[in-house]
Amino acid sequence: MAERSFRKEVEQLRIGAGREFRGEGILAVTKALLQSGVAYVGGYQGAPISHLMDVFADADDLLKELGVHFEASASEAAAAAMCAASVNYPLRGAVAWKSVVGTNVASDALSNVASGGVTGGVLVIVGEDYGEGSSIMQERTHAFAMKSQIWLLDPRPNLPSIVEAVEKGFELSEASNTPVMIELRVRACHLHGRFRAKDNVRPRFTVQDALANPVRDTERIVLPPANFLHEREKIEQRWPAAVRFVREHKLNERFGPEQGDIGIVVQGGLFNTLNRALELMDLSDAFGDAKIPLLVLNVTYPIVPEEVREFCSGKRAVLLVEEGQPEFIEHELNTILRRADIQTRLIGKEVFPRAGEYTAQVLMDGLGRFLSAWTSRPEPPRPPAPDAALAAEVPQRPAGFCTGCPERPLFTALKLAQRDLGEHHVSADIGCHLFSILPPFHIGNTTVGYGLGAAGASAFRRHDGKRPIAIMGDGGFWHNGLTSGIGNAVFNRDDSLTIVVDNGYSAATGGQDLLSSAGDGGARSTRHAIETAVRGIGVGWVRTIDNTYDLRRMRDAVKDALTTDGRGPKVLVARSECMLNKQRRLRPRFDKSAREGRRVVRTRFGVDADTCTGDHACIRLSGCPSLTVRPNPDPLKSDPVAHVDNSCVGCGLCGEVSHTEVLCPSFYKAEIVVNPNWLERLVAGVKQRLLGLLHRA
Amino acid sequence: MPEGPARIAIAILALGGQGGGVLADWLTAVGEAAGYYVQATSVPGVAQRTGSTIYYLELVPEERLRDRQPILALMPAPGDVDLVVALELMEAGRAILRGLVARDRTTLVASTHRIYAISEKSAVANGIADGAKVLAAARAHAKDLIAFDMDELAARNASAVSAAMLGAIAASRALPFSRQRFEDAIRASGVAVDANLAGFAAGYEGRPAAAVATPSLTTEEIVEEGVRRLTDYLDEDYAGLYRSRLQPFTDPAVKREVARALALWMSYEDVMRVAQIKTRASRTAKVLADIGAGHGQIVHLTEYMHPRWEELCDTLPARLGARLARGGLPRRLLAPLFDKGRHVRTTSVSWFLALRILAALRRGRRKTYRFARENAGIEAWLAAVAGAAQCDTAAAIELARCPELIKGYGDTNARGRSKFDAIMQAWQRAGTQRGAELLGRLRRAALEDEDGTALQRELRSSA
C-alpha cells in the first residue's frame, strides 16, 4: 500500500454540491472526474500524478457505490488501451500518467484511439514533469498532442480552473469525438487550494451496460479503408467542431484592458507566474487586473484562429509566453498572422530562453526586454549575480538511498565484486536503484527507460571477456522488463546477468503495490513471485536472495553469476522490503508495544570514536544518511570521525561492510531491550557487578 | 481597507524526509484558521529522496478577497518572499543563492545543524563545508535572522525539527499569528501532539546554545597529552622515549607538529590497543549516551571485528611474525581461519574477559613484529624532519604532517602507508630546493582519493 494512507483524502471525494473542497490539484482532478460521471479510470503512478492513483486505490467502496471501474494499470500503454471502451460506447473514461515518459509508452494506443475517434469523452490527465522537481528528459507533451490530433488543455493553475478544465474537457472530447489531454505541471498537481464542489454523478451508461449490449462499427477500426477515412474526419469534422466548441464556450480568457498598443499571449499554466512578474513591475495586481491586454490560452491545441486575429490586429507587437521548445504555438500564431496579412510582430523566443523552466525571474527579464523594445519603459536592472564564494560552500545534494535501504547492500556488493573481477558494463533502469550512478557508488553506464535495463544491455554479445550486467526494479520488471528484457535475452540467447531489485513496491513513486508485493493487495491480486515468472519465460540460471543485507552472500552470488561458465541469461532477484514502507508499517506497532510495557528490542548501530581514524572508507562503501561524520573528540586529531546518528534502523550494512572489507573494528551493534523481563534484569545486574570488578582489575 | 499585509509569502527549504511537508501543512492550517486564503505548492519527486526540496506558501486575508479569486504565484520570485525557513544550515545558503532572501523584506529562520552531503562525508580527510560562511551570508542578506540548532533542541525534547522550527517561526513575529494559533494547528493535526507541542515550546523559547569552540592546544598541552596517552598505551618508559625524541626540535612550529604526529604514530592501533579501548569503563558510558538508551533498558553490544592472519603475525615476536607473514605452509593452513569477521559481544563476561587479557598483552608490545616495523618508520621519519629543520623549517612542518596519511586498519592502513612512503621517497630525491611547496602539494593530492591516483599524477608531474 502507498507510502502514506489516503483515507482522509478519500472522504473529501464524497462531499456534495456547495461544500468546499480543500486539497491539492491532482486530488481536485479526482473529484472533478467523479463530478463528470466518469465510468472508468486507469493510469500508472509517477510524479507528479501518483496521488491520483493512490487515492483511487484507497477508494474502492466509494467507486463501487458510484459504479465506477478503476484499474491500477500494468503500464501507461495498458491504461491508454482501456480507452477503447469509449470508441463505441458513451462511456466517459479518464487515464493518468507522468509525461512525457508515460505518453511515450502510451503513444501506440493513443494513436489508435485518436484515429478512430471516441463516442464517450476520453480525458488523458498528464503530469508534465518539466522544470524543478522533474526527473526525466525535458520534452513537451504538446508534440504528441499535435502528432495524433489529440486536443491539449493547459488550464490556469488554481483548483476552480483545473476542475472546470476537466468538466469542459469531457464535453470538448464528446463534441469533437477526439480524446483530450489536460496538462498539469508539477506545482499545479501539488497545489493546495479550494473549490466549490458539485455532487458526484453516477455514469448514466456503465461498463456493465456496454458488456450487456455490445456495439461494433468497422469504420471506427484502424484498418483500410477506414484508416484513410479517419484522417479526413479529423480535418473536416473533428477539427472545426473543436475550434467551434472552444470559441463558443470561451475556454480561453481575456485579462486586462480591451484595447492596447501591445498585448501578451500566455499558456494558461504560466498565467500566475506571468501575473506575478507583471505585478512586481507595477503592471498588474493580485487579482489579475493587468495594465496590458492578456490572452490566456487554457486550450493550447487547437489554436482558435479568429481569437488570435482579433487579439493581435491593431497592436504593434504581441509577446508570446510559451515554455519549452520547439515553440509550436509561436509557429502556429505566426502562420495565422501571415495568412491574414496582419503586420503585428509576434515576439517569443527572441526575448525568452528556448530551454529551461519559466520562473518569475525569467519572465521578468523577457518582459523587460520586450517592453524596453516596444514601449518607452527602460530595461530593468539585471539581477545581482549569486555570491560565488557562498556557491562554492553550499554542497550539491544528489538523491540517494534512504536509511537502511535494502538496495544499498546490493550496490555495495557490486562494488566489492568489481574490485575482484574488474569494471563491468552496467545497464541501469529507472527507479530508486538508479541512485547507484551517483556518489558513493558510481555504478551504471546508461539508462534508457523504465523497465528497459535488460534490453539496454542486449547489444553486448559476450565471446570471452566480461558479462554485461543489467539492473531492473520490480516496478520496471512488471511494467515491461519481463518481456522487453528477460524474454528478449532468452530468445536471443544473450549471455548477461540481470539483477532484479525486488523491494515489494513501486517504491520510487511512493510505494504502490504491484504483482509481486508481499502484502495482501486488497482489491488487487499480489504475491506473484518474480522468480516464477522468470523461470516461466525460460531462464535457467535464476537465484533469489531474500536478505540483501547479507553482503557476503550478495557479493558471492554476483561473482558466481558473472563467472559461471553456463551460457544464456542469468537472473538474480535481490529481495528485501523497501525500508521506508517497512518502517511506516512497523514503527507504530513498535512504539505502541513499548508504551504498553511489552518487551521489544530496538537494534541500532554505532561507531566507536576512539578507534575510528577518520578515513571514511565505510561511508564510501555505504552512503547511508544515518552514517555521517562528527568532529573528532581526540584533541590531537583533526579529521572528523564516522558516526551513526539516531535515525539508524539497524539494517546492519555498515557492520557487514567493515567485516567483509576488513575496514576497522569501530562498528558495534547495540540491541536495546525495552521492558526487559525479570530474568533479564537479574542477569544484567549480576553481569554489571562482575564487569565492574573486571574494569578495576 | 483591512489592515495587515496584503499578502504573505513563505518559502521552506528542507531535505526530503525532514518533515518540510508537515511544517507546510501546519502553516497552511494556521493561516486558514486565522481567516487567510492559503495556497501552498511543493515539488515532491525522486530528487527528494535525501535531496533538497522547497515548499512555497502564499497567504491573503480573506476579507481582502470579497469572494474574488486571488492570482497567487506557485513559486517564489526573488525579493518577493517575507519569510524563508531553512531546516538545515546549508539550505539557508541555498535559499540565498536562489535570491529568495531580500535585505529589505525577508526574515530568515534557519536551523544551524548540519546534515552533511555525501561529498562532505566521503572525503578522505575533512570535506565539511564552512558553515560560518553561510551564517555570515545569512546575516548580510536577511532583514532579520533567527538561527540556532533546532535539531539538537528537538532531540532533547524527543520531538521533530519541524516542531521546533514552528516554535521559532511563531517567536520570530514574521507572521501575524498568535502562539495559540500555532499550537492549535499542532493539536488539530492529531499526530504525536504531545511531542510536537514540547518541540514547539523549545523552539519558541529557543536560546541559541553557546557555540562550544574547541580551543586548540598549546605545544606544551600537546606534549602533556602525548605523555598521558603513551603511558596508558604502554608505560612511563615509552612516554619517556616520546619526550627524548622531541628534544632535537627547537623551532616551536616544527616541535608542535612533530609532537602531535609522533604521539599519534607511537600509539598506533594494534589488536591490543583496540581491546584496551573497547573494555574501558568510560567507553560503555559514551556508547549508552550515543544510542540514547533509556533507564531500565538493557543493552547488548556486539563489536564487528575482523583480525586477519596479518594481525596475528603483527602480535607475534618480530622474527617469527615476519616469517609467518611472508607465507608458507602455516599461512595456507591457518589463514582461512581468519577469513570471517568476528561478532564480539563485549557485554558478555567471557568476551569481556578475553579482551581484557588481550589488552594486558600490550606489556610485550616492544617485542612484536608490528612494533619493529612502526618503530623503524618513526625513526626514519624523525631523521628526515630533523634534517629538513636544519635548513627549511616550512618543509620540516610539511614533513611533520605527512604521518596524517597513515590511517585506518588493514588495507586502508597499508594504502595510507604506501602514500606516505611515496612522498618520503619523493622528498629524498627532490632534496631541499622545492621543499615545502612540493610536499604540501603531494600531501593534499594524497588526501584527494582513496586509491592514490591523484598522488601518482602529482608525483609524475613533479618528477
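**Group meeting: a walk through chains A and B**

Okay, let's start with one residue: Arg238(A) is buried, because 20 other C-beta atoms lie within 10 Å of its own, and 20 or more is what it takes to count as buried. Before I go on, please keep in mind that this is a predicted model.

So where does this arginine sit? Arg238(A) belongs to helix H12 of chain A. What does Arg238(A) touch, if we skip residues up to four places away in sequence? The list is Gly117(A), Ser176(A), Asn177(A), Thr178(A) and Glu233(A). There's also a nice example of sequence versus space here: Ser173(A) is 65 residues from Arg238(A) along the chain, yet their C-alpha atoms are 9.5 Å apart.

Now zoom out to the helices. Two packed helices are described by the angle between their axes and the distance between the axes. For helix H9 (residues 159–176) and helix H12 (residues 226–248), both in chain A, the angle is about 145 degrees and the axes are 8 Å apart. The crossing of H9(A) and H12(A) is right-handed. Who meets whom? From H9(A) we have Leu172(A), Ala175(A) and Ser176(A), and from H12(A) come Arg238(A), Ala241(A), Ala242(A) and Phe245(A). Sorted by character, the residues of this contact are five nonpolar, one polar and one charged.

Next stop, a sheet. Strands of a sheet pair through backbone hydrogen bonds, either parallel or antiparallel. In chain A, six strands line up as E16-E15-E17-E18-E20-E19, an open sheet with parallel pairing. At the edges are E16 (446–447) and E19 (541–545), each pairing on one side only. Look inside the sheet at E17 (residues 469–473) and E18 (residues 497–502) of chain A: five bridges join these parallel strands. There, Met472(A) stands opposite Val500(A) in E18(A). Then helix H19 (residues 474–491) of chain A lies across E17, E18 and E20 (570–575), at about 145 degrees to E17(A).

Last bit: the two chains together. How many residues does each chain bring to the contact? Chain B gives 92 and chain A gives 89. On the chain B side, strand E7 (residues 298–305) contributes the most, with eight residues. That side of chain B divides into 49 nonpolar, 23 polar and 20 charged residues.

And E7(B) also pairs with a strand of chain A: E24 (residues 667–674) of chain A runs antiparallel to E7(B), over six bridges. If you want one pair to find on screen, try Tyr668(A), whose bridge partner in E7(B) is Glu303(B).

Terms used:
Residues are numbered from 1 along each chain as its sequence is written. Chains are lettered from A and ligands numbered from 1 in the order in which they are written. This is a predicted model: local features need pLDDT of at least 70, side-chain atom pairs count only at pLDDT 80 or more; totals for chains, interfaces and linings use all residues. Two residues are in contact if their C-beta atoms, placed from the backbone, lie within 7 Å. Helices (H or I, at least four residues) and strands (E, at least two) are DSSP runs, numbered from the N terminus. Ala, Val, Leu, Ile, Met, Phe, Trp, Tyr, Cys and Pro count as nonpolar, Asp, Glu, Lys and Arg as charged, and the others, Gly among them, as polar. Two strands pair if DSSP finds at least two bridges between them. Axes are lines fitted to C-alpha atoms, for helices over the stretch in contact, and angles run from 0 to 180 degrees between N-to-C directions. A crossing is left-handed if the near helix is turned anticlockwise from the far one by less than a right angle, and right-handed if clockwise. A residue is buried if 20 or more other C-beta atoms lie within 10 Å of its own, exposed if 12 or fewer, and partly exposed in between; C-beta atoms are placed from the backbone.
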